[in-house]
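Here's a quick tour of the pockets, a sheet and one helix, written for someone who might want to set up a calculation on them. Have a look at the model first.

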Amino acid sequence: MYSKELVETSFGFKIFVIDGDEHVGYNIKKSGTWEPDVVAWMQNNVKPGYNCLDIGSNIGFFTELMARFSGKGGSVHAFEPNAELVEIYRQTRENNNYDDVADIFVYPFALSDVEDDLNLLVPDINIGGAALTMDPDARDGYHSVKAKTKNINDLLSDHQLSTIDVIKIDIEGYEPFVWNTLYRILPNAKAILMELGPYHPKEFLYELWKDYEMYTLNGDGKIDPEYILGYRHHLNISLVKRSEPVNQI
């Protein structure tokens with residue numbers, strides 16, 4: 001059971017953070033925010049009334065931001081397979097006012113290409129760095145929790161998921177198992193943000209690059225898959241649909 005603390009953010013809402021989390025929780029406690037480049041991207045891309053996906057919502061910080069930027073008439077659909085974090089976020093919502101906020105729907109599972117029962121390997125000091133695995137055993141510095149996966153197309157009969165404007169995906173290397181399941185909503189998406197890194201398969205990065213121009217949020221501008229493969233860790237990447245696909249290198 002995670003120990004938690006309710007803290008104030010810089011955006012007018014409170015959120016429960018996990019004690020001992022040296023990444024998301026620590027930074028929100030210290031500065032009231034997390035990943036300012038992503039925050040700025042959301043401020044620029046989430047418009048009133050938009051429907052958003054938060055794939056890998058962790059404690060719900062970006063879920064809350066998107067809901068506030070979208071406002072009444074919009075919606076945010078958040079996917080988080082760590083059941084304890086889902087419960088903690090439920091308690092966060094009990095401590096905030098949602099009069100002028102988009103509808104929020106939280107799903108206690110991960111998205112994937114198949115429905116399955118997996119395990120989530122969670123770093124003790126970086127709760128948001130959890131990765132899905134078939135291995136039930138945790139190594140030193142990690143703990144393992146049960147996680148379910150589902151295909152988003154099993155949910156699309158719900159009209160609330162029929163049109164999505166903004167997609168944020170941060171699932172620690174599991175992105176290839178989700179991307180090709182989004183074919184019904186990608187054509188209408190106005191903005192896509194994905195965390196990518198050298199741990200992703202080269203073929204997947206080029207699949208993205210063929211249809212989308214890639215821009216970092218750290219000021220490096222337009223990049224290509226080779227830049228990502230040679231980078232020292234992950235990058236937050238804005239994907240912008242090309243007018244015409246390009247041939248892969």
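Two strands count as paired if DSSP finds at least two bridges between them. With that cut-off in hand, E6 and strand E9 (residues 142-150) qualify, since they pair in the parallel sense over two bridges. One of the contacts is easy to find: Ala110 has Thr149 of E9 as its bridge partner. Keep in mind that this is a predicted model.

**The sheet**

Where does that pair sit? It belongs to an open sheet of four strands, with the order E6-E9-E7-E8 and mixed pairing. Strand E6 (110-111) and E8 are at the edges with a single partner strand each, so each has one side without a neighbour in the sheet. As a reminder, strands of a sheet pair through backbone hydrogen bonds, either parallel or antiparallel.

**The pockets**

Now for the part you may want to put a grid on. The largest pocket holds about 480 Å³ of space. Helix H3 (61-70) and strand E8 (131-133) are the elements that give two or more residues to its lining. Which residues lie nearest the centre of the largest pocket? They are Asn58, Gly128, Gly129, Asp170 and Glu172, out of 31 lining residues.

The second largest pocket comes in at about 260 Å³. Of its 17 lining residues, Leu186, Ile192, Asp211, Tyr212 and Lys241 are the closest to the centre. Here the elements that give two or more residues are helix H2 (36-45), strand E11 (191-196), helix H6 (202-211) and strand E14 (235-241). E14 gives the most to this lining, with four residues.

Here is how the two linings divide by residue type:

| Pocket | Nonpolar | Polar | Charged |
|---|---|---|---|
| Largest pocket | 15 residues | ten residues | six residues |
| Second largest pocket | eleven residues | two residues | four residues |

**Helix H3**

Back to H3, which helps line the largest pocket. Is this helix mostly buried or exposed? Nine of the ten residues of H3 are buried, so the helix is largely enclosed by the rest of the structure. The cut-off behind that word is under 20% relative accessible area. The buried residues of H3 are Phe61, Phe62, Thr63, Glu64, Leu65, Met66, Ala67, Arg68 and Ser70. Charged side chains are on that list too, including Glu64 and Arg68. Right after H3 comes Gly71, with a positive phi near 70°.

Methods. Residues numbered from 1 in each chain as written. Predicted model: local features only at pLDDT ≥ 70, side-chain atom pairs only at ≥ 80, totals over all residues. Heavy atoms only, no water. 1 Å grid on protein atoms, 1.4 Å probe; cavity = no way out; pocket = protein on both sides within 12 Å on 5 of 7 lines; lining within 4 Å. Points joined across faces, edges and corners; volume = space filled by probe spheres on them. Buried < 20%, exposed > 50% of the residue type's maximum accessible area, 1.4 Å probe, protein only.
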